[in-house]
Amino acid sequence: MKKGSHMIEKRCKIDISKATFISVECDHCHGETNIPMMNPKEVQVCGVCGHYFGEMVVRYIANLRKTSMINGEGVEVRVSLVSVEREG
């Protein structure tokens, strides 16, 4: 870092229970598929080109959707994702 310069850090906190979508970018076509957190249907392919995401990604998406339930009634904690963006 140069002398006299400042580093800016921006944090974005997402409460998992309030997340609306999971966004998946396809490596095949670079299209973006938004999967609703509360959608009962399992999404396995890109919404743009139909390319299969792969078993590991499909399982990961299913597990992310399950985590929205951990902030339900009777649970005394909040779980959030935090993204940190640094400039400088």
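**Figure 1. Overall view of the predicted model.** Of the 88 residues of the protein, 23% count as buried, and the reader should keep in mind that the model shown here is a predicted one. The protein has one helix and four strands, and from the N terminus on these elements follow one another in the order β-β-β-α-β. Among the contacts in the protein with a separation of 6 or more, 49% are accounted for by residues 24 or more positions apart. The protein exposes about 7,100 Å², and 54% of this area is supplied by carbon and sulfur atoms.

**Figure 2. Close-up of the largest nonpolar core.** Eleven residues make up this core, namely Ile16, Ile22, Val24, Cys26, Ile35, Met37, Val43, Cys46, Phe53, Val58 and Ile61. Strand β2, which covers residues 21-25, and helix α1, which covers residues 55-67, each supply at least two residues of the core. In soluble globular proteins, nonpolar side chains tend to be buried together. One member of the core to look for is Val43; once its neighbours within four places in sequence are left aside, Val43 is in contact with Ile35, Phe53 and Val58, and these three residues also belong to the core.

**Figure 3. Close-up of Thr33 and its surroundings.** Thr33 lies in strand β3, which is made of residues 32-36. Is Thr33 buried or exposed? Its relative accessible area is 9%, and because a residue under 20% is classed as buried, Thr33 counts as buried. The side chain of Thr33 reaches the backbone nitrogen of Gly47 at 2.8 Å. When its neighbours within four places in sequence are left aside, Thr33 is in contact with Ile22, Ser23, Val24, Cys46, Gly47, Val48 and Phe53. Of these contact partners, Ile22, Val24, Cys46 and Phe53 are also found in the largest nonpolar core.

**Figure 4. Close-up of the largest pocket.** About 150 Å³ of space lies in this pocket, and its lining consists of Ile14, Ile16, Ala19, Phe21, Ile22, Met37, Tyr60, Leu64, Thr67 and Leu81. Which element gives the most to the lining of the largest pocket? That element is α1, with three residues, while β2 and α1 each supply at least two residues of the lining. Some residues of the lining have already appeared in an earlier view, since Ile16, Ile22 and Met37 line the pocket and are also members of the largest nonpolar core.

How values were computed: Residues are numbered from 1 along each chain as its sequence is written. This is a predicted model: local features need pLDDT of at least 70, side-chain atom pairs count only at pLDDT 80 or more; totals for chains, interfaces and linings use all residues. Side-chain values use heavy atoms; hydrogens and water are left out. A nonpolar core is a set of buried Ala, Val, Leu, Ile, Met, Phe, Trp, Tyr and Cys residues joined through side-chain atoms within 4.5 Å. Buried means under 20% relative accessible area, exposed over 50%, partly exposed in between (1.4 Å probe, protein chains only). Contact means heavy atoms within 4.5 Å. A polar contact is a pair of N or O atoms within 3.5 Å; within protein, one must be able to donate a hydrogen and the other to accept it, and residues adjacent in sequence count only if both atoms are side-chain atoms. Accessible areas come from the Shrake-Rupley method with a 1.4 Å probe; for residues, only the protein chains shown count as cover. On a 1 Å grid over the protein atoms alone, a cavity is a set of points where a 1.4 Å probe fits but cannot get out, and a pocket is an open set with protein on both sides within 12 Å along at least five of seven lines; lining residues have an atom within 4 Å of a point. Grid points are joined across faces, edges and corners, and a volume is the space filled by probe spheres set on the points.
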